[in-house]
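Me: I have a structure on screen and want to test the labels people put on it. Take my questions one at a time and show the reasoning.

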Amino acid sequence: MSGIAKTPVLTEEGGNNQCKKRSCSGSEQCNKRVKSEEMSANEKKSNFSLVAPNSNGTIKMNSSSMNKPGATTKKLVIKNFKSKPNLPENYQETTWSKLREAVIAIQTSKAIAYSLEELYQAVENMCSHKMASQLYVNLTNLVEAHVKANIEQFLSESMDRQVFLKRMDDCWRAHCRQMIMIRSIFLYLDRTYVLQNPSIHSIWDMGLDLFRHHIAMNTLIQTRTVDGLLLLIERERGGDAVDISLLKSLLRMLSDLQIYQEAFEHKFLQATERLYAAEGQRLMRELAVPQYLAHVEKRLREENERLLHYLDPSTKWQLIHTVERQLLSEHLTGILSKGLEALMDGPRLADLTTLYSLFSRVKDGLSELCNHFNAYIKKKGRTIVIEPERDKTMVAELLDFKEQLDNVVTSCFQRNDKFLYSMREAFEHFINQRQNKPAELIAKFVDLKLRAGNKEATEEELERLLDKIMVLFRFIHGKDVFEAFYKKDLAKRLLVGKSASVDAEKSMLSKLKQECGGGFTCKLEGMFKDMELSKDINITYKQHLAATQEGASLELSVYILTMGFWPTYPPVEVRLPAELTRHQEHFSKFYLAKHSGRKLQWQATLGHCVLRAHFTQGNKELQVSLFQALVLLLFNDGDNLSFEDIKNATNIEDGELRRTLQSLACGKARVLTKTPRGREVDDSDSFAFNADFINKLFRIKINQIQMKETSEEQKATEERVFQDRQYQIDAAIVRVMKMRKALSHNLLISELYNQLKFPVKPADLKKRIESLIDRDYMERDKDNPNQYNYVA
């Protein structure tokens, strides 16, 4: 209720029913009276839970709310004035003059002559009497005049940029302070007239609009402001100390005035692009890749800090994207070509982690990194596989290389599936660049690790090593080559008793079975089965000898090997002592009696013996091969024998005999002496028993001098693999044709590639098809030469 519009009559009724009427001459006195009554009620701590409003505006108060004893209930009634009061003459001009004086005092930072409450009330009164529109216009004009008066200070050409920016900041801060103060006085205008007219600005927005229109949008002022800001940011990027608070305030000003994007952001991003484009080109020439990556990371961190400290958050995406594009996207290939190989060779894990992190930020970054990673593996791996002089260390180098790459992918590339697949593809590519050789060398490496003499690893370490070898094995296309060489070496380990651990052997076998299926390992499993059956047969044979009392000083153990399971050994005819021949015949008779229909073929090259020898210094036991035993037994009948005599007596092949004599007369344990002395055995040499032989051990193992696997033997093994492959191709062709009955050449070739597990050329397949046509397994169609028909 306005004190000017309505003059109330305050009626107070007491307990003695006496009424006193008092009129209020002015709004201020009436308001004060009402307020004093309200204050009095508050001070007396009225019980508001008992207050009940009446329709006529009467408020009844309970006597319990009165502090004075004996007080009676009072009733307050507020009524409207009976007539509307008139405004004083020139009220609008007088009041505006007062308000104008206050606004100018605020703008000139002088003391205001009137109280803020009085000024606020004046605004409220003017609004209540429909003077709000003119009041708003007057205020707008007054603020606009002040803003225009501030323009002159920024038009001086000789002003230093730093001084200009400081003055602009001061002007802006002052304008904001002034508008806050002015708005607090004209708040009633803002909350009534402005709210009821959506087309006009609030007082604060009006102040911003005037500042924007007259100062910020002034071409000269805006250009100098933005150029000054860009210069400050450039200096800060260059490492100089600048006034961050000034930057923050002015950029906040541009945002508040809603000209940040059009006036500043576009120019700022252009300047950023120019700076980092030039910097990227220069540093790519000057810095090594690790230093360059560290610099890029530092720049990105700095730009994020600028966003945090003074730039508008809306700039973030474009700013960071610009930095990433100029320092990374433009140089992806250059960075990788220049430094990836060196980082991988280290491997420099921290730098590779940074590289991955940065490249993951830009489009196609990880794809480029993955492609170069793949190319690096192929290049490095090919040098390991292709060079024949590295054959001895090839498998060990491949295992180390694979472990290094696994470590990089896990710790630096976050086990990204794309990189894992790329690594597998690269390994499979380069390891098959040299056909068959890696498969052969992996088989020999396994043999080396599974031999009894290998004491460099515990069982757990050996198991882990076998797992790593199986990873390499998976990459090999010619797995049948591995099988051929592995089977040959396994046979030696089993027959000579050189296997380090049966558990390790069976573990390797189970891994191969899991990887390639039961068909791949059935022959290898058969070899183990033969060894176990042979143990049982030897026990039975000894029991048989004991039962027939045919035992002698010679103890014979025989391994029965199934020909299809074991490698093919060429038959060798040698002259055995009569005692040994008799035992062989006795065992053959015993075995064939139990297993009729079988044929035994003795393999002299695989036999070994333990001989008792009598020397001057005492008796010894010599653990030797069968060939060594045949030579030594000759010296029971003569002390001195020539090479020719030994050869005729034993019928051992020439090269094998020379190696046997070398091991006995030229090795560490020289139980024979050679005349003349020397490392090589000639036809004219003669040999004598060395009765003065000395060794601290009782049982002495004399190793046969192993002939290094010749290229002919390797070719023979490869030839056997090739022959087996031909049989497999033939079987696959017949299997497909039997099922399809008729098939075109291209479809048959495609089907064969799906079925065959080893690499094969189309020309080889064509040869096998022609061979099967010649043997009447299939025929060409009479009407279509490119079509084949199955012949039942």
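Reply: The answers below set each value against its cut-off.

Me: What kind of model is this, and what pLDDT does the protein average?
Reply: The model is predicted. The protein averages a pLDDT of 82, and 87% of the residues score at least 70. Over residues 1-67 the pLDDT is below 50, and this stretch has 82 contacts in the model beyond near neighbours in sequence.

Me: How many helices and strands does the protein have?
Reply: The count is 30 helices and 13 strands. Of the 792 residues, 42% are buried. Among contacts with a separation of 6 or more, 69% are between residues 24 or more positions apart.

Me: Why is Asp-351 called buried?
Reply: Its relative accessible area is 18%. Buried means under 20%. The value for Asp-351 falls under that cut-off, so the residue is buried.

Me: Where does Asp-351 sit, and what does it touch?
Reply: Asp-351 is in helix 15, residues 349-359. Leaving out residues up to four places away in sequence, Asp-351 touches Pro-290, Leu-293 and Leu-343. The other buried residues of helix 15 include Leu-352, Tyr-356 and Phe-359. The buried residues of this helix pack against helix 12, helix 14, helix 16, helix 17 and helix 18.

Me: What makes the pairing of Asp-351 and Arg-348 a polar contact?
Reply: Their side chains are joined at 2.9 Å. The cut-off for a pair of N or O atoms is 3.5 Å. The distance is within the limit, so the label holds.

Me: How do you know that the length of helix 22 agrees with its residue count?
Reply: Helix 22 has 15 residues, 502-516. At 1.5 Å a residue, the helix should span 21 Å. Its end C-alpha atoms are 21 Å apart, so the two values agree.

Me: Which residues of helix 22 are buried, and what covers them?
Reply: The buried residues are Ala-504, Glu-505, Ser-507, Met-508, Leu-509, Lys-511, Leu-512 and Cys-516. The cover includes helix 19, helix 20, helix 21 and helix 23. Helix 22 is followed by Gly-517, whose phi is positive, near 95°.

Me: Why is the pair Arg-306 and Glu-302 called a salt bridge?
Reply: The N to O distance between their side chains is 3.9 Å. A salt bridge needs the nitrogen within 4 Å of the carboxyl oxygen. The pair is within that limit, so the name fits. Both residues lie in helix 12, 4 residues apart, about one turn of the helix. Both are buried. Arg-306 and Glu-302 also belong to a network of salt bridges, whose members include Glu-236, Arg-237 and Glu-279.

Me: What makes Arg-361 and Glu-324 a link between separate parts of the chain?
Reply: They form a salt bridge, with the closest N and O atoms 2.6 Å apart. Arg-361 lies in the loop between helix 15 and helix 16, and Glu-324 in helix 13, so the pair ties together parts that are 37 residues apart in sequence.

Me: Are Arg-361 and Glu-324 buried or exposed?
Reply: Arg-361 has a relative accessible area of 38%. Partly exposed covers values between 20% and 50%, so Arg-361 is partly exposed. Glu-324 stands at 8%, under 20%, so it counts as buried.

Me: Why are Arg-780 and Glu-770 called partly exposed?
Reply: Arg-780 has 34% relative accessible area. Glu-770 has 28%. Both values lie between 20% and 50%, so both residues take that label. Their side chains meet in a salt bridge, 2.4 Å from N to O. Arg-780 is in strand 12 and Glu-770 in helix 30.

Me: Why is Ser-109 called exposed?
Reply: Its relative accessible area is 67%. Exposed means over 50%, so Ser-109 qualifies. Ser-109 is in the loop between helix 2 and helix 3. Its phi is near 55°, a positive value in a residue other than glycine.

Me: Where are the prolines of the cis peptide bonds Gly-346 to Pro-347 and Thr-675 to Pro-676?
Reply: Pro-347 is in the loop between helix 14 and helix 15. The bond from Gly-346 has an omega of about -15°. Pro-676 lies in the loop between strand 8 and strand 9. For the bond from Thr-675, omega is near -10°.

Terms used:
Residues are numbered from 1 along each chain as its sequence is written. This is a predicted model: local features need pLDDT of at least 70, side-chain atom pairs count only at pLDDT 80 or more; totals for chains, interfaces and linings use all residues. Side-chain values use heavy atoms; hydrogens and water are left out. Helices (H or I, at least four residues) and strands (E, at least two) are DSSP runs, numbered from the N terminus. Buried means under 20% relative accessible area, exposed over 50%, partly exposed in between (1.4 Å probe, protein chains only). A polar contact is a pair of N or O atoms within 3.5 Å; within protein, one must be able to donate a hydrogen and the other to accept it, and residues adjacent in sequence count only if both atoms are side-chain atoms. Contact means heavy atoms within 4.5 Å. The expected span of a helix is 1.5 Å times one less than its number of residues. pLDDT is the predictor's confidence in each residue, from 0 to 100.
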